[in-house]
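Trainee: Could we go through this structure together? I'd like to hear the reasoning behind each label.

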Amino acid sequence: MVHTVAVIGAGPAGLTSIKACLEEGLVPTCFESSDDMGGLWKFKEVSEPNRASIYRSLTINISKEMMCYSDFPIPADYPNYMHHSKILKYFRMYAEHFKLLQHIRFQTSVKSVRQRKDFSHTGQWQVVTENKDGQEERHVFDAVICCSGHYNYPNLPLKDFPGIETFQGKYFHSWDYKGPEDMYGKRVVVIGIGNSGGDIAVEGSRVAEQVYMSTRRGAWVIRQVSVNGLPVDMKYNTRFVHILFQLLPLRFLNSLGEKKLNAMYDHTMYALKPKHRLFSQIPVINDDLPFKILSGAVIVKPNVKEIQGSTVVFDDDSIVEKVDLIVFATGYNYDFPYLANNAVYKSGHRVGLYKHVFSPHLEHPTLAVVGFIHALGAIMPQAEMQARWVSRVFKGHKKLPSNQIMIKAVENDTKAIEKNYVVSKLTPLHVDFVSYMDDIAGEVGVRPSLLWLFFTDYPLFKRVFWGPVTAYQYRLLGPGKWEGARKAIFTQFDRMHRPLKTREMVDQESSAASPLIKLSLTIMAGGAAMYYIHVRNPNAISILMSKVCPQTV
C-alpha cells in the first residue's frame with residue numbers, strides 16, 4: 001500500500017502532483033533543485049545547467065482560461081496571454097491556497113532513484129538527494145512521481161553544420177537567450193522555426209541590422225488572435241470541433257485549415273509552407289512573424305548547408321555574408337538522469353510510458369511521469385489530469401492492466417504517433433489534447449457525459465459542447481468534484497473579457513436573427529453529438545433514456 005510519495009520538481013506538474021496526492025490522503029515530499037517553484041516559468045538572468053530556461057520577454061501562447069488548473073481559475077483581471085511573471089505569480093497563489101509549500105524542499109536536487117532490494121515485495125524506492133551544501137541524504141518512498149519536464153537539455157547539433165568551427169562570430173542555443181542585447185546592429189541567423197525560433201527572430205529583428213531564419217521543413221503559422229478578437233484556442237479547441245475530427249476525413253480538414261491560414265497570409269508566398277500537412281505537427285503560434293517577413297525585417301531561408309568563416313551557405317546555394325550571430329533554436333533532448341536504465345522502457349524514439357504516465361514493465365506501478373507530453377494545449381491541465389489518475393492508482397482506487405497489455409498499448413501508441421505526426425527523436429510526445437484529456441478523465445471517472453448533460457442540464461451542455469474545453473469540465477462530477485465548476489464554465493468568457501474592459505463602451509443591439517441561427521446550430525450539434533455517441537456505443541442512448549424516464553407499472 002502506497003503512503004509516502006517523492007515528487008521530483010516543483011514546476012506546474014510537480015505542484016499539481018503534490019495537491020493530487022494530498023487529496024487522496026497520501027504524504028508527498030517534493031524535491032526542487034532551485035530556490036523557488038515554477039520550473040520553466042521561473043525566469044533567471046543566467047541559465048542554470050540541467051534546468052529549463054526562458055527569455056525575459058516570454059509571453060505564453062495559450063490563453064489563461066485554457067491553461068489554468070481545474071479548480072483554481074486565474075484572476076479575471078489578468079491578461080488573456082500572460083507574461084511569465086504573471087504565470088509564476090499564479091502558481092504561487094495556487095500553492096499558497098492549497099497549502100503546498102510546506103511539502104516542498106527547495107535547493108535539494110535528486111541524484112538517484114533506485115528500486116530497493118525488496119522491490120518485488122514492497123514496490124519501494126530509494127531516493128538520494130543533495131542539498132545546497134553538498135550533503136547527501138537517503139530516503140525511502142513507497143512511490144515516485146517524476147515531474148522534471150522535457151526542456152532541460154538543449155539540443156545543439158553542431159556536427160550537422162559543417163564549418164561551424166570556422167565561424168568568426170558568436171553562436172548559442174535558444175536555451176541561453178535572454179534578450180536581444182547582443183543583436184543591436186548585427187546580422188543574425190536563427191536556425192529553427194519553432195515557437196522559440198519565431199519569438200527570437202521577431203524580437204531580434206527590432207534591433208538587428210537583418211535577421212535570417214533558416215528552416216529545414218517550414219511551418220504552418222497561426223495567430224493567437226482569432227475571429228472577433230477571441231483567443232484562438234477558446235474559439236477552436238471545442239468538443240464540436242473535436243467531433244468533426246472524428247467524423248470527417250483528415251485530408252479534408254487539413255485542406256480546410258490550410259486554406260483558412262493561407263487566406264490570412266499565403267504560406268508559399270511567405271516562404272513558410274512546410275512539407276507536412278497542417279495537423280501533422282503542432283503549428284508555430286506567432287502573430288508578429290508574418291508582418292516581420294512582409295516588412296523584410298525577417299528573411300526566411302532554407303536549411304544551412306555549411307558555414308565558411310562569417311558566411312553562411314544554404315541548401316539552395318544562396319549565401320549570407322558578414323554574419324555576426326547564430327542562434328540555434330534546435331529543440332531539446334530529454335532525459336531522466338536520476339533513473340536507472342532498467343526503470344525506463346524504450347519504444348522507438350520515445351520513453352515508453354503507458355498512456356504517457358506509467359512505466360509498463362515494472363512489477364509494481366509505483367513509478368509515474370507527469371507532464372512529459374506535448375499537445376496543442378497547455379501542460380497545466382494535462383499534468384493535473386495525469387496527477388489525479390496517478391494518485392488514485394497509488395492509493396489503490398484504480399488498477400492498471402497487466403504488464404503485457406500495457407506494453408502492447410505503448411507499442412500501439414508509438415505506431416499511432418509515427419503515423420499521425422511528423423516525429424523525430426526530439427518530438428515523440430505528441431497527443432491530441434481533447435482525446436487525451438478525455439481518455440485520462442475516463443480513468444479517473446470524471447469525463448463529462450454530453451448525453452447526460454443534454455437531457456439534464458441543457459444550458460451547461462451548450463457551454464460544454466460549443467465552448468472551449470477548459471479544465472473545469474473535469475470537475476463537474478466524480479472524484480474531486482468541485483462545486484464551483486459549473487459557475488466557472490458559465491463565467492469563463494466573462495473572465496476573458498474582463499481585462500479588455502479598459503474604457504466604457506456602448507453595446508450595439510444584437511440582430512434578431514442571431515438567436516435563430518444559434519438555435520439551428522445547436523439542434524444540428526445535438527444531432528451530431530448523438531450520432532457520434534451512437535457510433536461509439538450503440539446502447540448508450542437507450543440506457544440513458546431508461547434512467548431519465550424510467551418505466552413504471
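Trainee: Why is Arg-187 called buried?

Mentor: Its relative accessible area is 18%, and buried means under 20%, exposed over 50% and partly exposed in between, with a 1.4 Å probe and protein chains only. So 18% puts Arg-187 in the buried class. Bear in mind that this is a predicted model, where local features need pLDDT of at least 70, side-chain atom pairs count only at pLDDT 80 or more, and totals for chains, interfaces and linings use all residues. Residues are numbered from 1 along each chain as its sequence is written, and side-chain values use heavy atoms, with hydrogens and water left out.

Trainee: Where is Arg-187 found, and what does Arg-187 touch?

Mentor: Arg-187 is in strand β10, residues 187-191. Strands (E, at least two residues) and helices (H or I, at least four) are DSSP runs, numbered from the N terminus. Leaving out residues up to four places away in sequence, its contacts include Glu-209, Tyr-212, Glu-321 and Asp-324. Contact here means heavy atoms within 4.5 Å.

Trainee: What makes Phe-161 and Phe-328 an edge-to-face pair?

Mentor: First, the general picture: a search of the whole structure finds 30 aromatic pairs. Rings of Phe, Tyr and Trp (its six-membered ring) pair if their centres lie within 6.5 Å; planes under 30 degrees apart are stacked, over 60 edge-to-face, and the rest tilted. For Phe-161 and Phe-328 the centres are 5.2 Å apart and the planes stand at 70°, so this pair is edge-to-face. The pair links distant parts of the chain, 167 residues apart: Phe-161 is in the loop between β8 and β9, while Phe-328 is in strand β18. Both Phe-161 and Phe-328 are buried.

Trainee: And what kind of pair do Tyr-354 and Trp-389 form?

Mentor: That pair is tilted, with 6.1 Å centre to centre and 55° between the planes. Tyr-354 sits in the loop between β21 and β22, and Trp-389 in helix α10, 35 residues apart. Tyr-354 and Trp-389 are buried as well.

Trainee: Which residues form an aromatic cluster?

Mentor: Phe-240, Phe-454, Phe-455, Tyr-458, Phe-461, Phe-465 and Trp-466 form one.

Trainee: How do you know that the charged end of Lys-19 sits over the ring of Phe-98?

Mentor: A charge sits over a ring if NZ of Lys or CZ of Arg is within 6 Å of the ring centre and within 35 degrees of the ring normal. The charged end of Lys-19 is 4.6 Å from the centre of the Phe-98 ring, and it counts as sitting over that ring. Lys-86 lies over the face of Tyr-78 too, at 4.5 Å from the ring centre.

Trainee: Asn-228 next. What is notable about its phi, and is Asn-228 buried or exposed?

Mentor: Most residues other than glycine have a negative phi. Phi of Asn-228 is near 60°, a positive value. Asn-228 lies in the loop between β12 and α6. Its relative accessible area is 74%, so Asn-228 is exposed.

Trainee: Where is Asp-317, and why is Asp-317 called exposed?

Mentor: Asp-317 is in the loop between β16 and β17. Its relative accessible area is 51%, so the exposed label applies. Phi of Asp-317 is positive as well, near 70°.

Trainee: Asp-316 is in the loop between β16 and β17 too. Why is Asp-316 counted as partly exposed?

Mentor: Asp-316 has 47% relative accessibility, so the in-between class fits. Its C-alpha atom is 9.1 Å from that of Val-304, twelve residues apart along the chain.

Trainee: How many cavities does the structure hold, and what lines the largest one?

Mentor: There are five cavities of 30 Å³ or more. On a 1 Å grid over the protein atoms alone, a cavity is a set of points where a 1.4 Å probe fits but cannot get out, and lining residues have an atom within 4 Å of a point. The largest has about 80 Å³ of space, a volume being the space filled by probe spheres set on the points, which are joined across faces, edges and corners. Among its lining residues are Gly-39, Phe-43, Arg-51 and Lys-178.

Note on methods: 1 Å grid on protein atoms, 1.4 Å probe; cavity = no way out; pocket = protein on both sides within 12 Å on 5 of 7 lines; lining within 4 Å.
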